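Thanks for sharing this one. Here are some notes to read with the structure open beside you.

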Amino acid sequence: MNLRKSLLVDTMFLLNSIVSTLPLTIVIFFLLDTSLTEENISFLFSLKFWGVSIFSFLFIPLSKKISIKNIIILSALIKLIAYFYFFFEQTFYGAITLVALSSLSASLFTTASKIYIQTTSENISLSLSRRFTLNNIGVSITPILLMIADDANTMIFIALILNLLLFLLTLMLEVISAIKSEDLSVNDHKVNLDNGLLLFIFISCLLFSIFYLTYEKNIPISLERKDDKAFYATLVAINTIMIIFLQIKTFSLMTELIGVYNAVFLSYTICSIAYFLFFVFNDSYLFMILFVIGITYLEMFFSTGVDSIIIEKGKRLSKYYFIAFNVFIAISITLSSYFLTLEKYILPIIIMLLIILKWIMNRIKQVEDKS
């Protein structure tokens, strides 16, 4: 892929990240306590996670009918329509429509973009790392856009402009048209998924969800009780800056030294140790920062590492594993919310999941060595 096409693809991923982050952000910062309540927000969060999971299944019939390029174009068009509708209907039901259509768009774009990377990239891990880095850059841009806008209409208008640019970019990406649905088709009567790989994906998602929910939910609550909300911005900055500047080099270096499986497991181990210290000394800012560094290190390997393993082992069945990944994330978020309420059992649960994950990895590697 030449430099111009590479730049177009990178810009597309960046814009998609921004407009995917904005729906709930707009709702929380501009519509909470006006037309929406906290209960409405909680429902929309659940809709977002489960919507991506449920809508992911639509990718299978779509991929048999149209090319990957057209699926990506469709995902951008759906998101553009969602924001356009919400511009005129800023109510709870308008927010439901926005989040639901955005989830549909995200489910199509996520799976299609991973298959695009699988099909076109010479260095898949590097491409996945770049995608993850661009995603985090997009997330970090969102607060800046909120500072620019002073009301919901201005923010939605900005989002509409970004969505229009994203849609136009997808039309320009001629390189994607080379990926046809028949290139990825399999005989549905002979789809035998690897149970070991599925279990690896599920346990990985479950462990990650426990740590990530702690970062997204428990730490803000802890800082709220300390009346120190400003410190959360510092933690988010640490998380974002580390990923933007270290993600690609760290993933590349560690996987070259010890392999993808060992690098992924090491990231879980490091994050678990940081979590344990934070759990024991939860009043300490030092260990709070240490945990954020731990979860950031895990983020560098979780999505990119699991996706790399799926592409390597899944081959032509990768789209089924990517869909399973989306489903497992939704289930894991729900289970993790429950696990985190069992405070005295959470550490044994994490240790047990780590042992299971290591056992699964060893089994998968044994099978690979024999074959």
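1. Leaving aside its neighbours within four places in sequence, which residues is Q247 in contact with? In this predicted model, the list is S129, F132, T133, M242, E299, M300 and T304. Q247 itself belongs to helix α9, which spans residues 230-258. The residue counts as buried, because its relative accessibility is 0%. For a sense of the spacing, take T296: 49 residues separate Q247 and T296 in sequence, and their C-alpha atoms are 9.3 Å apart.

2. Please have a look at the course of α9 as well. The helix bends by about 60 degrees at L246. Its buried residues are F231, L235, N239, T240, M242, I243, Q247, T250, F251, M254 and T255. Just after the helix comes G259, which has a positive phi, near 90 degrees.

3. How many salt bridges does a search of the whole structure find? The count is 3. One of these joins K114 to D307, with 3.3 Å between the closest N and O atoms. K114 sits in helix α5 (residues 92-120) and D307 in helix α11 (residues 285-314), so this pair ties together parts of the chain that are 193 residues apart in sequence. Is each partner buried or exposed? K114 is buried, with a relative accessible area of 2%, and D307 is buried too, at 0%.

4. D307 has another partner to note. R131 forms a salt bridge with D307, and here the closest N and O atoms are 3.0 Å apart. This pair also links distant parts of the chain: R131 is in helix α6 (residues 124-148), D307 is in helix α11, and their positions lie 176 residues apart in sequence. With a relative accessible area of 14%, R131 is buried; the cut-off for that label is under 20%. As a general reminder, side chains of opposite charge can pair when their charged atoms come close.

5. A salt bridge also joins the side chains of D194 and K313, at 3.9 Å from N to O. D194 is found in the loop between α7 (152-172) and α8 (195-225), while K313 is in helix α11, so the pair ties together parts that are 119 residues apart in sequence. D194 counts as partly exposed, at 31% relative accessibility, and K313 counts as partly exposed at 25%. Through shared salt-bridge partners, K114, R131 and D307 are joined into one network.

6. Now for the rings. Searching the whole structure gives 20 aromatic pairs. One of them is F13 with F109, an edge-to-face pair with centres 5.7 Å apart and 75 degrees between the planes. It links distant parts of the chain, with F13 in helix α1 (residues 3-31) and F109 in helix α5, 96 residues apart. F13 and F109 are both buried. Elsewhere in the ring list, F208, Y212, Y215, F302 and F325 make up one aromatic cluster.

7. Which residues lie over the face of a ring? K114 lies over the face of F325, at 4.6 Å from the ring centre. This is worth viewing together with the salt bridge that K114 forms with D307, and with the aromatic cluster that includes F325. K358 lies over the face of F265, with 5.1 Å to the ring centre.

8. Finally, the nonpolar interior. The largest nonpolar core has 111 residues, and those with the most contacts inside it are F200, I201, F211 and Y268. Which helix gives the most to this core? It is α8, with 15 residues. Not counting residues up to four places away in sequence, I201 touches V306, I310, Y321, F325 and F328. Another core, of 7 residues, lies apart from the largest one; M242, F251, A263 and Y297 are among its members. M242 and F251 also appear among the buried residues of α9, and M242 is one of the contacts of Q247, which brings these notes back to their starting point.

Conventions
Residues are numbered from 1 along each chain as its sequence is written. This is a predicted model: local features need pLDDT of at least 70, side-chain atom pairs count only at pLDDT 80 or more; totals for chains, interfaces and linings use all residues. Side-chain values use heavy atoms; hydrogens and water are left out. Helices (H or I, at least four residues) and strands (E, at least two) are DSSP runs, numbered from the N terminus. Buried means under 20% relative accessible area, exposed over 50%, partly exposed in between (1.4 Å probe, protein chains only). Contact means heavy atoms within 4.5 Å. A salt bridge is a side-chain nitrogen of Lys or Arg within 4 Å of a carboxyl oxygen of Asp or Glu. The bend at a residue is the angle between axes fitted to the seven residues ending there and the seven starting there. Rings of Phe, Tyr and Trp (its six-membered ring) pair if their centres lie within 6.5 Å; planes under 30 degrees apart count as stacked, over 60 as edge-to-face and the rest as tilted. A charge sits over a ring if NZ of Lys or CZ of Arg is within 6 Å of the ring centre and within 35 degrees of the ring normal. A nonpolar core is a set of buried Ala, Val, Leu, Ile, Met, Phe, Trp, Tyr and Cys residues joined through side-chain atoms within 4.5 Å.
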